[in-house]
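Biologist: Before we use words such as buried, exposed or cavity, I would like to hear how each of them is earned. Could we take them one at a time?

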Amino acid sequence: MIIINKNKFLLKNSNISYMFRATESGNLEHLHFGAPVDIDDDDALAVRYGTGWGTNNGPEGEEIPMYLPLEWSSLGRGDYRESPLEIDREIPAAFKYSFSRKYDHTVPIECGLPQAHGDAETLEIVMASPSRLSLHLFYTLFDTAVTRRTVICNNTDRDINVEKIMSSMMDILGDYEITTYNGAWIAEMQPYRAPVGMSGVVNESTTGFSSCLHNPGFILSEPGATETDGIVMGFNIIYSGNHYSRVQKTNEGLTRIVQGISPVSFDWILAPGEKFETPEAVMVWSGSGFGGMSDQMHRFVNNNVIPEYWQGRERPVLYNDWEGCMFDFNESKLVSLGKKAAELGCELFVLDDGWFGDRNSDKAGLGDYDVNRKKLPGGLSGLQKKLSAMGLDFGLWFEPEAVNPDSKLYRAHPEWAIQAEDGVTVLGRNELLLDLSRQDVRDYIVENVTRCIDEGKVSYVKWDMNRHSTALGASAHRYILGLYDVLRRIFGPRPEVLLESCSSGGNRFDLGMMCFSPQVWASDNTDAVERCRIQYQLSYLYPLSTIGAHVSAAPHAQTLRNTPLSTRGNISFYGLLGYEFDLADLSPVETDEIKDQIAFYKRYRKVFQFGDFRRLKAPDGISMQVSEGNIAIVGLFHEIVHAAPGYERIYPRGLDMETIYNVFSRRQLLNAAQYGGLLRHILPVKVRPDGALVRTAGRQYRMKDAERECDATGAALMSGMSLNARFMGTGYDPGMRMQGDFSSNIYVITTEES
Ligand code: DGJ
């Protein structure tokens, strides 16, 4: 509900409230972002501002803005903190509250930026300036989040140069720590936590895109907040271009948070009568720790960001040929992979890079869309028909935003590529970006991608982008608007085509893309152990339904780690399960293990993809839980084994104290060959560690791991459910946990019959 009482404004539902008021001199004074409060709580919440503070002077007869918590700040009015707006110096840009409007819905953004959708109410605050510029601050209240965006209108008779305009600005009281997520290719989502001090912390991307160098999402938490207790706020922005956030505290203890498009190279000429609309900034609040904040953010993304068609809709288990084949494939190889994928239980076959033009390496062909008939003699539809006969849907990879100079497209239209200003060709992965701010470029992409989708009856698209660019300069925002236009034109009429966005792995894990793409490829790092960490960190701000996560080969191509197949599967469950390696060499035991994984995942897919998510206490490693109704599934992931291990437990949460649950571990099979000569303890014959018998046992012998079943009350389980012993040199039994390094188990806690 939105309540307006004279000069006071309150947005409130059962989760959160946001309150501010207009002062007599027209400033917007921030009062509260947090637990639900009442409109008349303003007196208690307002800062007891005294004119004697400091030596700073405000405008004559008015309060000194420097000491007020504000919703918006104007340059040149005595507030020395960061300003959310910078325009031509000669234009007075001091804005004062003018009037407000209420809507019982979201207010459409007209420039083509995507925005959150669903049930919502919106408050529009109109601020006027003597120069006839006006500012419109939009606050939209969703069930779990408040979003903010800004619109500036030029009602003057001259061009205005907008150099910086933030989506939101808010001053809150208190001490906070900030957590940002930084990284690089194959090293995404590394958390950085620091106290917010008077020097401030900036979280910004300048690669032209949202980037994995600095994910746009960040968290503010009160010191000492835990997974379950304390105030924690989550912030993000619905945008895929250069983003900027800064959080900085003042001497008096006000923390200013600004969020918006990065001002680096930003420059927007606003002609008379025109307006500029910023992307939507998102904020959620929780009084119950990081877990509570994640829960709010997950619900917001699942219910209000991803396309309506895919809300709550289960995602297919897919096979992707990239890590298995790279550019080296033909139709018969794909068909035999498809056959095996279908036998394992996969539902979708994704043909990745290399199916078009002269694309036999990453050096050529990008930009062209003619199917490579040497590889695919029957074209896309020929392959699709064969896959469909096996019961598989067909998915296809595209990288529509870039071009190889060695391509027909570049030879025909070199002017379509974005080049550095000095004309020097700077390639990234042998590519240049196409100028998506051009209508002809956008038309070319839309026409070709839709033709391929329709011809190949494609039900899933992997939309890749591997060329980052600081050469976009001032046109970076126009490029992003062009990208959204292309996505809207292709996928708007085809809502049932599942889009997975990807950008050299996790370079576009952002809410802007998620408005079109319900799932995002999290990282090119598919090493399960590293991936577990990446997925765990993503879970702070993004739901599992958005996290593409595939089982890959071991030893792993980037780390050489030999992670057990069971763990590789278990980790992918806490994302969107897929398989991405050559299936030709699977042993009978591996085949059985993967069949079990897929059958298990399908049975509990809804719980994994859309259930409530919790990060659990884990004395050694990582533990995560998903739950829905009377089912909770706990994963426990270890790293290095130590001799003489201690007793171990899992700590599920959210169970009913008195209900009696059945707990069982997912059946998983071990590779007996990894035990080498140790097998002599369980086999009646003498074995050589490197002999044929051990190798055969590895391929054929279905060696069970950590079988466990028990019944217990929720109260007992939440106190800590003791796990089976780990192997300690004392022989084998099927109940023992004996996978060694990087082992894991999944425990289902349920009232259903197993
Ligand atoms: C980069 C992606 O992140 C990979 O998954 C794969 O699609 C390659 N591009 C293909 O070139």
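Modeller: Let us begin with a cut-off: a residue is called exposed when its relative accessible area is over 50%, buried when that area is under 20%, and partly exposed in between. Please keep in mind that this is a predicted model.

Biologist: Why is Leu-560 called exposed or buried, whichever it is?

Modeller: The relative accessible area of Leu-560 is 67%, and because exposed means over 50%, Leu-560 is exposed. Its place is in the loop between β29 and α11.

Biologist: What of Arg-561, is it buried or exposed?

Modeller: Arg-561 is found in the loop between β29 and α11, and its relative accessible area is 19%, which is under the 20% cut-off, so Arg-561 is buried. The C-alpha atom of Arg-561 is separated by 52 Å from that of Val-37, and these two residues are 524 apart along the chain.

Biologist: How do you know which word fits Arg-429?

Modeller: The value for Arg-429 is 31%, which lies between 20% and 50%, and therefore Arg-429 counts as partly exposed. Arg-429 lies in the loop between α6 (408–412) and β25 (432–433).

Biologist: Why do Gly-691, Thr-255 and Trp-268 count as buried?

Modeller: Gly-691 has a relative accessibility of 13%, and since buried means under 20%, Gly-691 counts as buried. For Thr-255 the relative accessible area is 0%, so Thr-255 is buried by that cut-off. Trp-268 has 11%, again under 20%, and therefore Trp-268 is buried as well.

Biologist: Where do these three residues sit?

Modeller: Gly-691 is in the loop between β36 (668–670) and α14 (692–700), whereas Thr-255 lies in strand β17 (residues 254–261) and Trp-268 in strand β18 (residues 268–270). From C-alpha to C-alpha, Gly-691 is 9.7 Å from Ala-673, with their positions 18 residues apart in sequence, while Trp-268 and Trp-322 are 41 Å apart in space and 54 residues apart in sequence.

Biologist: What makes a pair of atoms at Thr-255 a polar contact?

Modeller: A polar atom of the Thr-255 side chain lies 3.3 Å from the backbone oxygen of Gly-174, and because the cut-off for such a pair is 3.5 Å, this distance falls within it.

Biologist: How do you know that helix α10 is mostly covered?

Modeller: Helix α10 (residues 528–538) has 11 residues, and 9 of them are buried; among them are Ala-528, Val-529, Arg-531 and Cys-532. At the start of α10, a side-chain oxygen of Asp-527 comes to within 3.0 Å of the backbone nitrogen of Val-529.

Biologist: What is notable in the backbone at Arg-429, Leu-560 and Pro-555?

Modeller: Most residues other than glycine have a negative phi, and most peptide bonds are trans. Phi of Arg-429 is near 45°, a positive value, and phi of Leu-560, near 65°, is positive too. The peptide bond from Ala-554 to Pro-555 is cis, with omega near 0°, and Pro-555 lies in the loop between β29 (547–551) and α11 (565–573).

Biologist: Which residues surround the ligand, and which polar atoms come within the cut-off?

Modeller: There are 13 residues around the ligand, and the closest are Asp-352, Asp-353, Lys-462, Asp-464 and Asp-524. By class, this shell has 4 nonpolar, 3 polar and 6 charged residues. An oxygen atom of the ligand lies 2.6 Å from a polar side-chain atom of Asp-353, and an oxygen atom of the ligand is 2.9 Å from an N or O atom in the side chain of Arg-429. A nitrogen atom of the ligand is 2.7 Å from an N or O atom in the side chain of Asp-464. The ligand taken alone exposes 290 Å², and the protein buries 97% of that.

Biologist: How do you know that empty space is left inside, and how many cavities of 30 Å³ or more are there?

Modeller: Rolling a probe the size of a water molecule over the atoms shows where empty space is left. The structure holds 5 cavities of 30 Å³ or more, and the largest has a volume of about 130 Å³. The largest cavity is lined by 15 residues, of which Asn-27, Pro-65, Ser-74, Arg-77 and Phe-95 lie nearest its centre, and its lining has 7 nonpolar, 5 polar and 3 charged residues.

Conventions. Residues numbered from 1 in each chain as written. Predicted model: local features only at pLDDT ≥ 70, side-chain atom pairs only at ≥ 80, totals over all residues. Heavy atoms only, no water. 1 Å grid on protein atoms, 1.4 Å probe; cavity = no way out; pocket = protein on both sides within 12 Å on 5 of 7 lines; lining within 4 Å. Points joined across faces, edges and corners; volume = space filled by probe spheres on them. Nonpolar A, V, L, I, M, F, W, Y, C, P; charged D, E, K, R; others polar. Near = heavy atom within 4 Å. Polar contact = N/O pair within 3.5 Å; in protein donor to acceptor, adjacent residues only side chain to side chain. Areas by Shrake-Rupley, 256 points an atom, 1.4 Å probe, with all protein chains shown as cover. Buried < 20%, exposed > 50% of the residue type's maximum accessible area, 1.4 Å probe, protein only. Helix = DSSP H or I, 4+ residues; strand = E, 2+ residues; numbered from the N terminus.
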